[in-house]
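I opened the notebook to look up charged pairs and one helix packing. The entries follow in the order in which I looked.

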Amino acid sequence: MKRLILLAAAAFALTSCDYTEVERETGYKGKARINPWLAAERLVDRMGWETRSVISWTAPEWGEAVWVLPASLLSNESFTRRMEEWMHDGGHVILLVENAAAETNDWSGHSGEPVLEPALFSMLKRAGIDLEENASSGANPTAKEITFDGQKFKVDAASGVSVAVAHGESGVFASALTGQGRITVLTDGRLFRNRWIADHAHAALLHALVDSTGNEGRVGFMRGSGLSLWALLREHLWPVLIGLGVWLLLWLWKNFVRFGPVEAASGPSELRGYEHHLEALGDFQWRLDRAASLLAPLREQIVELGQRTSVRVGRRDEDFFQFLADRAGLPRERVFRALAEASPADPAILTRTTADLQQLLKVLHHPSLP
């Protein structure tokens, strides 16, 4: 009873402990989690434009008016030339430099730096736009207001790169006409992402940029990342190296003797191999019931030689079996069994009997032996 009361008191004490609830945002669910431009696409839909969404580089078509894409996607001369041809015919491209990759988590507080290739800088130079990866003043440019087409839009932008038109004042936004089209560079892509597009006048800025195009057609959104070999190697090479290392170790262990089991310093004894051979032969003969006929010649020869030797050494009247046992260094019982046993009971006994007979025959053939 006392134990139950103590357990109940402990449970009550544990349930009365203080705790603190912490609510933390982890991001959107569903389509908005994998498509950072979903809200922007729906805004453009409500504006009356048809939209198109792709996950990797896709060349613009003639029936498309605006493309919104990460600047890192323009990673080679082929992509930039296709984009320039399309802009000269009236297309409007909106390039987002930082915070533009689809895999960027808007709630993590960390975004990888974009990989900008020389082909992109060359294209912007030809359009009269200067893009610098580090601000000339040494400080990251910020903006609370962006002016476009005579209108001012309140924003909250910050970037580690700066952009300017025709050597003008550097900032986070630049837009210039090229051919019959237009190119716009926004260094902070967060303004049009799902989490921030409803803040300040970000949506109004996107509305004005899309409406500024002179063509009619679809508005496209690319949400992929730039294809850079070195960036892929930096991010994904280490697991490949680990896999190659494990494979190399397994290959060495399999193919090199010193990486595998230690081999014996020498092979099995030849004498032991001969004994096993004799044992196998004895087993075969015993199964054929030929043991008695095989042992008979040896026994006769040993008895004849043993009697001659006992007469020669003056031990004729002694125990014959003891005399042979003394000569061969064997127990009397084994000598008696080897000479008098009618038939061995099993192959092992046949082998031992044969060995004893061989030993007796050997000492009897050498009178000099004791």
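Entry 1. I began with Glu 84, which counts as buried because its relative accessibility is 10%, below the cut-off of 20%. The model I am reading is a predicted one, and I keep that in mind for every value below. Glu 84 forms a salt bridge with Arg 126, and the closest N and O atoms of the pair are 2.9 Å apart. Since Glu 84 belongs to helix H4 (residues 77-88) and Arg 126 to helix H5 (residues 118-126), the pair ties together parts that are 42 residues apart in sequence. I then looked up the exposure of the partner and found Arg 126 to be partly exposed, at a relative accessible area of 41%.

Entry 2. I searched the whole structure for salt bridges, and the search returned 14 of them. Among them is the pair of Arg 52 and Glu 64, for which I read 2.6 Å between the closest N and O atoms. Arg 52 sits in strand E1 (residues 50-54) and Glu 64 in strand E2 (residues 64-70), so this bridge ties together parts that are twelve residues apart in sequence. As to exposure, Arg 52 counts as buried at 18% relative accessibility, and Glu 64 likewise counts as buried, at 1%.

Entry 3. I next took the pair of Asp 188 and Arg 190, whose side chains meet in a salt bridge with an N to O distance of 2.8 Å. Asp 188 is buried, with a relative accessible area of 0%, whereas Arg 190 is partly exposed at 26%. I also asked which residues are joined into one network by salt bridges that share partners. The network consists of Arg 52, Glu 61, Glu 64 and Arg 218.

Entry 4. I turned from charged pairs to helix packing and looked up helix H10 (residues 320-328) against helix H12 (residues 347-365), whose axes come within 9 Å and cross at roughly 80°. Because of that crossing angle, H10 is roughly perpendicular to H12, the range for this label being 65 to 115 degrees. On the side of H10 the contact is made by Leu 324, Arg 327 and Ala 328, and on the side of H12 by Gln 359, Leu 360, Val 363 and Leu 364. Sorting the residues of this contact by character, I obtained five nonpolar, one polar and one charged.

Key:
Residues numbered from 1 in each chain as written. Predicted model: local features only at pLDDT ≥ 70, side-chain atom pairs only at ≥ 80, totals over all residues. Heavy atoms only, no water. Axes fitted to C-alpha atoms, helices over the stretch in contact; angles between N-to-C directions. Helix = DSSP H or I, 4+ residues; strand = E, 2+ residues; numbered from the N terminus. Parallel < 35°, antiparallel > 145°, perpendicular 65-115°, else oblique. Contact = heavy atoms within 4.5 Å. Nonpolar A, V, L, I, M, F, W, Y, C, P; charged D, E, K, R; others polar. Salt bridge = Lys/Arg side-chain N within 4 Å of Asp/Glu carboxyl O. Buried < 20%, exposed > 50% of the residue type's maximum accessible area, 1.4 Å probe, protein only.
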